[in-house]
Amino acid sequence: MSLQMVTVGNNIALIQPGFSLMNFDGQVFFFGQKGWPKRSCPTGVFHFDIKHNHLKLKPAVFSKDSCYLPPLRYPATCTFKGNLESEKHQYIIHGGKTPNNELSDKIYIMSVVCKNNKKVTFRCTEKDLVGDVPEGRYGHSIDVVYSRGKSVGVLFGGRSYIPSAQRTTEKWNSVADCLPHVFLVDFEFGCSTSYILPELQDGLSFHVSIARNDTIYILGGHSLANNIRPANLYRIRVDLPLGSPAVNCTVMPGGISVSSAILTQISNDEFVIVGGYQLENQKRMVCNIISFEDNKMEIREMETPDWTPDIKHSKIWFGSNMGNGTIFLGIPGDNKQVVSEAFYFYTLKCAEDDVNEDQKTFTNSQTSTEDPGDSTPFEDSEEFCFSAEANSFDGDDEFDTYNEDDEEDESETGYWITCCPTCDVDINTWVPFYSTELNKPAMIYCSHGDGHWVHAQCMDLAESTLIHLSEGSNKYYCNEHVEIARALQTPKRVLPLKKPPLKSLHKKGSGKIITPAKKSFLRRLFD
């Protein structure tokens with residue numbers, strides 16, 4: 001095992017605990033930045049390019065038929081092939097936290113549609129689920145098993161917000177363990193079914209999961225209710241006959257107590273576990289190798305790398321599997337320094353260079369430290385926020401320059417919106433609010449009903465109109481709702497003429513007396 005320090009450009013602030021890495025044919029991509037995507041990279045996915053121990057994040061693009069993918073941290077990810085013979089694999093992304101601290105319950109499928117020497121184009125599709133739909137969660141696992149020529153996803157564990165009826169102002173973001181249910185998800189038809197297995201008593205979070213053929217192994221994890229990291233090892237086997245699936249669970253000996261560990265595959269039958277925590281305030285510095293032979297699983301300790309003093313003394317660490325038997329690690333910067341980075345990063349190589357990438361398509365685990373502020377002082381408390389800003393991408397010419405000054409308030413809506421039936425806005429273009437940059441698809445708010453966002457260029461708004469609408473609190477109705485809005489409008493109320501009181505008809509101090517005949521004439525005049 002070899003440990004190397006990695007230098008990062010000015011975009012270092014994008015890398016925070018909870019991110020994920022995806023390996024497509026040897027190319028690694030970063031997903032799950034802290035905060036909403038920026039103007040120069042609305043997809044929020046970056047090519048994770050490390051050369052000569054220097055890291056560059058290069059913005060990636062999505063195809064026009066992609067859905068919007070929010071930056072999700074602490075999601076469950078895994079690779080997926082339609083069948084074992086398929087050469088191409090996809091990534092499944094489920095759950096995770098949004099920058100608004102909301103929990104996602106959606107499933108996204110990431111695939112490569114175009115690849116050349118300079119850039120990769122992704123397609124992201126959202127999969128709707130029916131049946132027993134898992135609630136939004138984070139810190140869980142999703143894996144794919146294959147049985148009798150069929151495949152199905154297996155989802156387990158995680159944390160979710162406490163039920164809405166129990167949420168108060170003081171406990172609004174309090175989380176609890178999800179129920180220890182096992183969900184089988186059919187990615188072809190979008191069906192989800194929940195199973196209750198008596199062997200699973202706790203809804204473990206930040207555990208390690210390994211999928212092999214028709215079996216999932218669940219190792220370690222953290223129980224928030226008991227604040228323990230039980231040394232449990234579960235084997236969940238899924239049989240997919242023509243009828244209903246059969247799911248059974250076996251408790252196996254030889255587990256280890258660890259949470260938030262990172263898993264990487266070094267050969268067809270060997271995996272390495274690195275990092276994690278053995279106590280709420282103590283990192284687990286021991287590494288383990290997991291070997292499979294004739295359906296038997298063996299866990300043993302292995303020689304640890306030469307950890308640097310900074311790694312040994314840091315209270316937290318986090319990271320993700322890069323594939324090819326390599327792990328990306330991060331630790332907090334030294335706050336004692338006058339000028340200090342938010343985080344320092346390392347690559348840990350656990351395998352030789354000639355490992356076949358095709359052998360690594362079934363490596364799955366939660367790939368970052370637990371969410372520190374929900375309970376314990378370290379990995380379970382609110383995420384560690386070290387103040388640092390991303391300034392610019394020192395990338396190649398084919399990539400846009402990242403400029404933080406380009407930012408607007410982007411936390412209230414997505415970027416990729418089909419605002420009307422004829423909307424043809426390129427989803428890879430950043431969408432500003434109330435902007436006069438009509439060469440970019442500015443957005444304006446339609447006030448009909450609960451309101452929705454539309455593109456100014458799709459509504460054929462002139463620049464002067466857009467400026468007028470953006471300056472004040474004027475209501476605007478899009479092309480589809482303008483007629484409805486007009487129908488709702490009523491004529492302005494006309495105030496009636498005030499009748500002067502009779503006593504005012506006698507001018508004070510005039511000395512003139514108005515006769516009854518004049519009074520009668522004046523009444524008719526004013527009436």
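## Annotated site and a five-strand sheet

In an unreviewed entry, UniProt lists C446, H452, C478 and H481 under "binding site". These residues are spread over 36 residues of sequence, yet they cluster in space, with a largest C-alpha distance of 10.9 Å. The model discussed here is predicted.

The two cysteines of the listed set can be set side by side.

| Residue | Location | Relative accessibility |
|---|---|---|
| C446 | strand β33 (residues 443-446) | 0%, buried |
| C478 | loop between α2 (463-471) and α3 (482-488) | 1%, buried |

C446 counts as buried because its relative accessibility of 0% is under 20%. C478, at 1%, is buried by that cut-off too.

Leaving aside residues up to four places away in sequence, C446 touches G451, H452, Y476, Y477, C478 and H481. With the same exclusion, C478 touches C446, H452, V454 and M459. The contacts of C446 therefore include H452, C478 and H481, which UniProt lists with C446 under "binding site".

Elsewhere in the model there is an open sheet of five strands in the order β6-β10-β9-β8-β7, with mixed pairing. Its edges are β6 (61-62) and β7 (76-80). Each of these edge strands has a single partner strand, so one side of each is left without a neighbour in the sheet.

How do strands of a sheet pair? They do so through backbone hydrogen bonds, either parallel or antiparallel. Strand β6 runs parallel to β10 (residues 120-127), and two bridges join them. Within this pairing, V61 has T121 of β10 as its bridge partner.

How values were computed. Residues numbered from 1 in each chain as written. Predicted model: local features only at pLDDT ≥ 70, side-chain atom pairs only at ≥ 80, totals over all residues. Heavy atoms only, no water. UniProt positions renumbered as here; feature names shortened; annotations may be inferred. Helix = DSSP H or I, 4+ residues; strand = E, 2+ residues; numbered from the N terminus. Buried < 20%, exposed > 50% of the residue type's maximum accessible area, 1.4 Å probe, protein only. Contact = heavy atoms within 4.5 Å. Pairing = 2+ DSSP bridges.
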